[in-house]
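Trainee: I am new to this structure and would like to understand the reasons behind the words used for it. Could we go through them one at a time?

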Amino acid sequence: MNSKTESRAPVSQQALRVQQPFDSSQIGAMVTIEINEKKMQVPLGTTILEACAQNQVQIPTLCHHKDLCTAGVCRICVVEVDSMKTLQAACAFPITQQIKIKTSTEKVRKARRHIIDLLLSEHYGECYTCVRNKNCELRSLASEYGVDGFTFGHPEKRKHDIDKSSFSVMRDMDKCVLCRRCVRTCIDLQEVGVLEAVGRGDQTHITTFMGKPLSEVICINCGQCVNRCPTGALYTNDPSDDIWRAIDDKKKHVVIQTAPSPRAAICEEFGMAAGTSLTGELNTALRRIGFDRVFDTNFAADLTIMEEGTELLNRLKSVVVDKDTSVKLPQFTSCSPGWVKFIEHFYPEYLDHLSTAKSPQQMFGAVTKTFYAQEYNINPEDIVTVAVMPCSAKKFECNRPEMDSSGFKDVDYGLTTRELAKMIKEGGIFLPEMPKSGFDDPFGEASGAGLIFGATGGVMEAALRTAYELVTGREVPFEKLRIEACRGFEGIKQASVKLKNCVPDYTFLEGVDLKFIVAHGTANARQVMEMLKAGELNDVHFIEIMACPGGCLGGGGQPIPTSPEIRKKRAEAIYAEDESMTIRKSHENPRIKYIYEKFLTDGPCGHKSHKLLHTHYTKRGNFIV
Amino acid sequence: MLIYERNSLVDEIVDLTVEYGKERSALLPILQTLQLRHKCISDFAQQEVARQLSIHPVEVYSVISFYTFLHPESQGRNIVRLCQTISCDLAGKCYLVKAIERELGIKFGQTTKDKRIKLEFTNCLGMCDQGPAMVINERVFTKVTPERAVAILNEVK
């Protein structure tokens, strides 16, 4: 980099230049810097924020997020750097030379307080009526930096209406601080592209295409923006008041199903560190709140594995034996409603690849209002099914018009982990102190295979445990049934299992290398779809895709904040719980055997299960009318 | 929008991508050309541009909302922009404003009923030595007097 040294401009007008020109041979080298007069060495290219974090110096951030790219828009992380005239944003300043940084001089503190004051002057709303009251990043910054009044005023009137059009995600743009985390989430992390900053200067606001309501654009309801919003500008549609009403109604029989991910994460809402499963405690708490039955979604996950696994084997048979060209492979999983809506919008021509099996939540609802009602002699009209999910898209899913195969709305309410934690607190219960208890019959028993649905790769692992055994009659050849190829947070994982010595029914699969792909996050899903389009995946048989980074445990309804480390902890909790189970394969679950003997008598993918447990999809396309 | 109108718009955008390329940087020249030809960039055109350049429609909308010379809806057949910055102000902008508003019967910021002219203020045009300055569509008029302004406006179709 050649810098022009001779400039006719006065010194104050000259562009600031790096004094020691950046030398690319130094990449990977260490630089000695000084933070608050303490010397330390950091690798070349580290940002000031990272350097400070490594050395126990706290710097406040608002627009910075570990999952997202650097933006440097909120300026709350400003620090003083010698040789720099102005304050520099720590999150967007890579260290390339020996510099001296001061992080809490008077100038810095004053600037930060001014920035918070300015943000508050545009931030409409009262904290005590806000969903994010207790973990709002703006609020905690204001208290940490001693903001004791509205120096630049405080808005008294609403500028925007709350967008309540979506079943899942609500937008209150008056609380927005324009940090653009949602924009980066939507465009970079998930590659859906619903939200973007529109307008210029003080007119800037975050909105959708042409300012349309969220329900009319191509939002997949994944709720990742909600998880990353620092304030209460984005939140999920909370049905807890309706649920309380149903609980209070003596005529109604309220059943609740809990998914594996909320149990591994709800502890965070009660101030515990991530990575503790509170399954037993949660069951007791739910009964004390007033739910009539507490069921395990994992039972339905096992059911999903039976249906989806059988569907895969049927598809394989049609392709290999019958040479049927109308049957499509690879088969995609359909457990993630965000992913389902994603493929409906962006790749509608590939909907035939999507498994027709419903997601565990919907299967559960359908079975509850038919089999359970019949078995226990309850009028299905009086049953209210609530699903605790880590997911905001599940709220949309249970409101899909086609989800009424039981004759009623299969699942009445989708509740997120955060909202459930709120209900538990409202019920006067401190969850970690609850005694442990089990699930209720008849859907109380589940396998570890259903449990690991919560982590990315879990559905694949569970399906392989069952499918391999169905085909060969032997257990999957992995130590402690850990299929490591499915685990971990790599974006796209590809592996294969060789099928040998098959049982007589499946001899057509002898010697077949069962290839599978696991992807999480819709950005990776898009990559997989593009590979499929280019014809690179013709020999792959099964693809699992979860819309959220990390799978369900990183879902849009999970406790805030989220980061790669937190998601890793949650995954560890789920896998540990799996290994503690006695039944670890879906087809060995006695309740699954029972339901196929008693109710779904024509077996997996039979006529009755097709009616109740399978669905169809809509070609939505991505044209916004 | 009728189907054949849509198809011709798609063809037009495809031709523009041939001319300007399919990089993100081709977005602005394409939008400018569309604005010039159609007086607006409709939501259909925005989505088609996004599809051709493999970006999200909302990003195209964001760019359009950033620039005052790009519009998602038609503002009028001709846009008259009068410089409101200080040198033009000193050179007698206020007389021009009065004359133009009286002539057209609308205020600045409004469009005539027949959609012929939209009046707007703009910031400095860089014609400070020749003020007051006015831009009609793409053409600059300098040292405009009230009489000349009325004459020019009457010639605008």
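**Terms and their grounds**

Mentor: Let us start with A:Leu118, whose place is in helix H2 (residues 106-120) of chain A, where helices (H or I, at least four residues) and strands (E, at least two) are DSSP runs numbered from the N terminus. This is a predicted model, in which local features need pLDDT of at least 70 and side-chain atom pairs count only at pLDDT 80 or more, while totals for chains, interfaces and linings use all residues. Residues are numbered from 1 along each chain as its sequence is written, and chains are lettered from A and ligands numbered from 1 in the order in which they are written.

Trainee: Why does A:Leu118 count as partly exposed?

Mentor: A residue is buried if 20 or more other C-beta atoms, placed from the backbone, lie within 10 Å of its own, exposed if 12 or fewer, and partly exposed in between. A:Leu118 has 14 C-beta neighbours inside 10 Å, and therefore counts as partly exposed.

Trainee: What makes E11 and E14 of chain A stand at the edges?

Mentor: Two strands pair if DSSP finds at least two bridges between them. Four strands of chain A form an open sheet in the order E11-E10-E13-E14, with parallel pairing. Strand E11 (293-296) and strand E14 (413-416) of chain A each have a single partner strand, so one side of each is left without a neighbour in the sheet.

Trainee: How do you know that E13 of chain A pairs with E14(A)?

Mentor: Four bridges join strand E13 (residues 383-389) of chain A to E14(A), set against the at least two that pairing asks for. Within this pair, A:Val388 stands opposite A:Leu415 in E14(A).

Trainee: Which residues make up the contact between the chains, and how many are there?

Mentor: Residues are in contact if their C-beta atoms, placed from the backbone, lie within 7 Å. The contact takes 11 residues from chain B and 14 residues from chain A, and H4(B) gives the most to the side of chain B that touches chain A, with seven residues.

Trainee: How confident is the predictor in chain B?

Mentor: Confidence is given for each residue as pLDDT, from 0 to 100. Chain B averages a pLDDT of 92, and 100% of its residues score at least 70, while the model scores ipTM 0.88 and pTM 0.91.

Notes: Two residues are in contact if their C-beta atoms, placed from the backbone, lie within 7 Å.
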